[in-house]
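This report describes selected parts of a predicted model. The sequence and structure are shown first.

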Amino acid sequence: METTSTQQNTVIKAIVLDIEGTTCPVTFVSQTLFPFARRQLSQTICSENRPSNVTAAIEEAIAEWKNDRDPKSKALLLRASNQNQPTSEDIIHYFDHLIQHDRKSTALKELQGIIWEQGYAAGELQSPLYGDVIPALNAWTQQGITLAVYSSGSVKAQQLLYAHTTDGDITNRFSQWFDTRTGPKLNADSYRTISQAIGLKPASILFVSDHPRECDAAAEAGMETRFCLREGNPFSDGGDHQMIHNLGEIKL
């Protein structure tokens with residue numbers, strides 16, 4: 001089956017791209033970004049001169065924690081010295097729990113983005129892109145196609161990654177950015193929200209991701225899809241979604 005879309009003759013006017021495993025190797029995120037943030041987490045939270053955006057992320061994390069139904073999260077909160085206002089040490093334990101279990105916490109993503117910003121600014125981080133990415137982005141831009149990003153990482157983290165690539169700052173290629181504040185990536189309503197924000201019918205939008213269930217959700221919302229299979233990606237079966245191995249294979 002070539003594609004899940006029932007609107008195969010519809011002209012694509014916008015392309016929404018995932019990041020990890022689609023435009024950037026999964027290893028950069030898992031082996032570089034995440035370990036860097038985890039190493040800096042305690043120092044960032046416990047700093048005496050903590051910036052306001054860090055404090056805001058911590059307050060958001062506390063609110064998430066109080067509503068977290070996970071038994072381990074509840075147990076951690078019960079052990080906190082003050083459940084209404086957990087200490088910095090308590091917060092670190094909670095963040096460690098989220099990281100260990102790969103929980104999609106908006107507050108954690110925000111804090112990671114802040115830490116990564118410091119790393120990029122210091123020259124300690126630089127993001128690699130697949131070789132086909134920039135030529136594809138340039139070609140689509142020349143065709144007048146709207147380009148957007150939808151990733152589980154915060155918008156801040158997305159923009160930092162694309163502002164500090166090995167090929168320079170390419171943030172100007174994208175006109176819109178979406179993260180989990182838009183909604184879960186496995187939920188079709190999230191893609192409907194993105195369609196509304198872009199101002200196009202879903203059938204005029206192509207979503208590209210390395211995650212088959214994300215493609216399922218986008219297709220359910222009415223978008224065209226491509227399943228991106230790169231070396232080292234965790235998913236190899238794209239189901240009914242048309243498979244590509246690089247962005248240059250996308251024919252509009």
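## Ala221 and its surroundings

Ala221 has a relative accessible area of 10%, which is under the 20% limit, so the residue counts as buried. Its place is in the loop that lies between α9 and β5.

Leaving out residues up to four places away in sequence, Ala221 touches Ala188, Tyr191, Arg192 and Pro202. Pro202 is 19 residues from Ala221 along the chain, and the C-alpha atoms of the two are separated by 6.7 Å.

## Strand β5 and its partners

The loop with Ala221 leads to the strand β5, which covers residues 224–228. Five of the five residues of β5 are buried, so the strand is largely enclosed by the rest of the structure. Glu224, Arg226 and Cys228 point one way from β5, whereas Thr225 and Phe227 point the other way. Residues of both groups are buried.

On the β4 side, four bridges pair β4 and β5 in the parallel sense. Within this pairing, Phe207 has Thr225 of β5 as its bridge partner. Between the two strands the chain passes through helix α9 (residues 212–220), and this β-α-β crossover from β4 to β5 is right-handed. Strand β5 is also joined to β6 by two bridges, and this pair again runs parallel. Here Cys228 stands opposite Ile244 in β6.

## The sheet as a whole

How are the six strands ordered in the sheet? The order is β3-β2-β1-β4-β5-β6, in an open sheet with parallel pairing. The edges are taken by β3 (176–178) and β6 (243–244); each has a single partner strand, so one side of each is left without a neighbour in the sheet.

At the β3 edge, strand β2 (residues 146–150) is joined to β3 by three bridges, and the two strands run parallel. Ala148 stands opposite Gln176 in β3. Helix α7 (residues 155–163) packs on the sheet and touches β2 and β3, with its direction at about 130° to that of β3. Helix α8 (residues 188–198) also packs on the sheet, where it touches β1 (14–17), β2, β3 and β4 (205–209). The direction of α8 makes about 160° with that of β3.

## Asp18 and its polar contacts

Asp18 is placed in the loop between β1 and α1 (26–46). Is this residue buried or exposed? Its relative accessibility is 5%, so Asp18 counts as buried.

Two polar contacts involve the side chain of Asp18: one of 3.2 Å with the side chain of Thr22, and one of 2.8 Å with the side chain of Lys185. Not counting residues up to four places away in sequence, Asp18 touches a set of residues including Thr23, Tyr150, Ser151, Tyr162 and Lys185. Phe207, Val208, Ser209, Asp210 and Glu214 are also among the residues that Asp18 touches. Phe207 is the residue whose bridge partner in β5 is Thr225.

## Thr141 in helix α6

Thr141 lies in helix α6, which spans residues 133–142. With a relative accessibility of 41%, between the 20% and 50% limits, Thr141 counts as partly exposed.

When neighbours within four places in sequence are left aside, Thr141 is in contact with Leu147 and Arg173. Gly119 is 22 residues from Thr141 along the chain, and 30 Å separates their C-alpha atoms.

Note on methods:
Residues are numbered from 1 along each chain as its sequence is written. This is a predicted model: local features need pLDDT of at least 70, side-chain atom pairs count only at pLDDT 80 or more; totals for chains, interfaces and linings use all residues. Side-chain values use heavy atoms; hydrogens and water are left out. Two strands pair if DSSP finds at least two bridges between them. Contact means heavy atoms within 4.5 Å. Axes are lines fitted to C-alpha atoms, for helices over the stretch in contact, and angles run from 0 to 180 degrees between N-to-C directions. Buried means under 20% relative accessible area, exposed over 50%, partly exposed in between (1.4 Å probe, protein chains only). A crossover is right-handed if, with the strands pointing away from the viewer, the path from the first strand over the helix to the second runs clockwise. A polar contact is a pair of N or O atoms within 3.5 Å; within protein, one must be able to donate a hydrogen and the other to accept it, and residues adjacent in sequence count only if both atoms are side-chain atoms.
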